[in-house]
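Reader: I've got a protein open on my screen and I'd like to talk it through with someone. Could you take my questions one at a time?

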Amino acid sequence: MSVRVILQSRMSSSRLPGKAMLNLAGRPVVVLAAQRAASTGLDVMVATSDQPEDDPIADAVDAAGVRLFRGSLDDPLRRFAGATEDLGDDDLVVRLTADNIVPDGLFVEDLVRTMRASGEAYIRVAVETIYGVGAEVFTVGLLRAADAEATEDYDREHVTPWIRRRTNDMTHPLTSERRIRCTIDTLTDYTVACTVVRDLEDPTTVPWDQMLAAFGDAGGALPDRVRVTAENAIGQGPWLLGAVQLGVSYGAANTTGRPVGSQASRMLQLAAAGGVTHVDTARAYGDSEARIGQSLAHGLSERIGVVTKIRPLDDVPDDAPAAWASAAVESSVAESLRQLRSSRVSALLLHRWADWKRGGGAVADRLARLRDERITTAIGASLSTPDELLEALADDRVGYVQLPFNALDRRWLAPQVQDALAARPDVIVTVRSVFLQGLLVGGDSVPWPANAGLDASEVRAGIARLVDELGRQGPVDLCVAYARGHAFVTSVVLGAETVEQVRGQAELMSRPPLTADEIARVHEVLPAGPETLVDPSRWTMAS
């Protein structure tokens, strides 16, 4: 019984075009993947298309001495059948893809042994924690039957769905203590792979489990994924990544400045892998939207949505002509979509509630039309006060609000406010400033405003006591868990400047929110802050 390993490869990858020919350890990715699969002497073949655009793959594979087959670009199932015409029905086909360089000959042989021992005719690797070690084994007879009978485009494009439906769909589980991404599907993936192979003496022979560990150490390790259970109009989970820091140096506690482009891309990918469903940005956040757009265009758009804000409309008078106000909204949205390289966003917000009424209500009307035109799913505003929230909730066009909320800010817990929120369960409520501009977590090094109205040292002591009593990791964990513990809060938006901060946020969000009893204890220990403290716009800082 013969075994043939076939690697699919093409130049027209949508997320990273031409990735097959990117250089890794002095050779194209497709060649390295094939050489690793052949590390124990298996029969390995690269199957690419017969289109001229894939000539570079064919030339590189030929030059490397790897067997080559060329067939239909749009019918990979037919291509696989053509690549095995010389085999018998009982022979086996191993399907790999050329953007995964971790599988080697030992990996493939183990999979084949498992299938043979089971007596099954099909097996696939099944992993939830590793991205980039996919592999399937099946008989040539099944492949030929699929080629003869499969008529759906999906079955022919993905080669094995028809086979899986007609077998026991046996799986070969792999486990890993870490979640690791080791595929090469984006530019960031490629930079990680370059780091992995840089120090290897011979990347074709290092065992697959060692290379997998190297991916984890080189930046491929992913944070644990936050469980997303919320049901709302845009599927927004409990954790939003705040992206103002991607566009400008932001925040008193920011000691690293604005992340460079590759780091920003890595932060977004890690956040998506960790359970972030949406990123929060704005037209006013420097080039934040442009940086997000770059990542969206390279595959992130399939995993993450965008909440953005119209530019501040201070130049549009309340009584401005409707056409003026409407045009201001349209131009801001058009520029956001251009920067994001997208045709729509999940939610469009106004930077402040006062803008909702500008142009005699034309701003709100235009937002509603954008929603009706499916440019966005939800519209709303960033708010500052409970009065603004009550006005917003009274307008049934508002489906999304963002507001400041933290352990000292009890304004939002007033019965009138809570009743209004309870009456609008359809409204997505995202809370920001859970650390009160760093005052609640910054220790003695962060100066409090002169008009705070509370003794900073007593608040810090109270937070330390609560951390101990409630078994939290620290003030940051306590503050996030406090906000998430309130039923009216859909999500918490957390900003980050570094990859390490994103990893830390993922760990924070994996911890449980405070219970109602624990929140009551917070209220016993920490006093409610006066408006001069909980509203940073009213702070007076000592000179």
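Reader: Among contacts in the protein between residues at least 6 apart in sequence, what share joins residues at least 24 apart?

Author: Bear in mind that this is a predicted model. Take the contacts between residues at least 6 apart in sequence, then keep those that join residues at least 24 apart. That share comes to 75%.

Reader: How many helices and strands am I looking at, and what part of the protein is buried?

Author: The secondary structure comes to 21 helices and 20 strands. Along the principal axes, the C-alpha atoms fill a box of roughly 80 × 55 × 40 Å. Of the 543 residues, the buried part is 55%.

Reader: Let's pick a helix. What end-to-end distance should α13 have, going by its residues?

Author: Helix α13 covers residues 322–340, which is 19 residues. The C-alpha atoms at its ends are 27 Å apart, and that agrees with the span you'd get at 1.5 Å a residue. The expected value is 27 Å.

Reader: Do the buried residues of α13 line one face or are they scattered around, and what arc do they fall within?

Author: The buried set includes Ala-325, Val-329, Ser-332, Ser-336 and Leu-340. An α-helix has 3.6 residues a turn, so residues three or four places apart point the same way. Looking down the axis of α13, the buried residues line one face of the helix, because they fall within an arc of 165°.

Reader: Which residues of α13 are exposed on the other side?

Author: The buried residues of α13 pack against α12, β15, β16 and α14. On the other side of α13 there are residues that count as exposed. These are Ala-323 and Arg-338.

Reader: Are α12 and α13 parallel or oblique to each other?

Author: The two helices pack with their axes 6 Å apart, at an angle of about 45°. That angle is neither under 35 degrees nor in the 65 to 115 range. So α12 and α13 are oblique.

Reader: Which residues of α13 make the contact with α12?

Author: From α12, the contact is made by Glu-289, Ala-290, Ile-292, Gly-293 and Leu-296. By class, the contact has four nonpolar, three polar and one charged residues. On the α13 side, the residues are Ser-336, Gln-339 and Leu-340.

Reader: Over to α8. Is Asp-189 buried or exposed?

Author: Asp-189 is found in helix α8, residues 187–198. Leaving aside neighbours within four places in sequence, Asp-189 is in contact with Arg-181, Thr-183, Ile-184 and Gln-269. Its relative accessibility is 3%, and the cut-off is under 20%, so Asp-189 counts as buried.

Reader: Which elements are included in what covers the buried residues of α8?

Author: Helix α8 has twelve residues and reaches 16 Å from its first C-alpha to its last, close to the 16 Å expected. Its buried residues are Thr-188, Asp-189, Tyr-190, Val-192, Ala-193, Val-196 and Val-197. What covers them includes β2, α1, β11, α9 and α11.

Reader: You mentioned α1. Which residues does Val-30 touch, not counting those up to four places away in sequence?

Author: Val-30 lies in helix α1, residues 29–37. Val-30 is buried because its relative accessible area is 0%. It touches Ser-9, Ala-20, Val-46, Ile-57, Val-61 and Ala-98.

Reader: What separates the C-alpha atoms of Thr-277 and Val-226?

Author: Thr-277 lies in the loop between α11 and β14, and at 13% relative accessibility it counts as buried. Thr-277 and Val-226 are 51 residues apart along the chain. Their C-alpha atoms are separated by 9.8 Å.

Reader: Now for backbone oddities. Is Ala-25 buried or partly exposed?

Author: Ala-25 has a positive phi of about 55° although it is not a glycine. It is found in the loop between β2 and β3. With a relative accessible area of 31%, Ala-25 is partly exposed.

Reader: And what is the relative accessible area of Val-159?

Author: Val-159 lies in the loop between α6 and α7. Its phi is near 70°, a positive value in a residue other than glycine. Val-159 is buried, with a relative accessible area of 0%.

Reader: Last one: which residue just after α13 takes a positive phi?

Author: We're back at helix α13, residues 322–340. Just after α13 comes a residue with a positive phi of about 55°. That residue is Arg-341.

Note on methods. Residues are numbered from 1 along each chain as its sequence is written. This is a predicted model: local features need pLDDT of at least 70, side-chain atom pairs count only at pLDDT 80 or more; totals for chains, interfaces and linings use all residues. Side-chain values use heavy atoms; hydrogens and water are left out. Helices (H or I, at least four residues) and strands (E, at least two) are DSSP runs, numbered from the N terminus. Buried means under 20% relative accessible area, exposed over 50%, partly exposed in between (1.4 Å probe, protein chains only). The expected span of a helix is 1.5 Å times one less than its number of residues. The arc is that of the directions from the helix axis to the C-beta atoms. Contact means heavy atoms within 4.5 Å. Axes are lines fitted to C-alpha atoms, for helices over the stretch in contact, and angles run from 0 to 180 degrees between N-to-C directions. Angles under 35 degrees count as roughly parallel, over 145 as roughly antiparallel, 65 to 115 as roughly perpendicular and the rest as oblique. Ala, Val, Leu, Ile, Met, Phe, Trp, Tyr, Cys and Pro count as nonpolar, Asp, Glu, Lys and Arg as charged, and the others, Gly among them, as polar.
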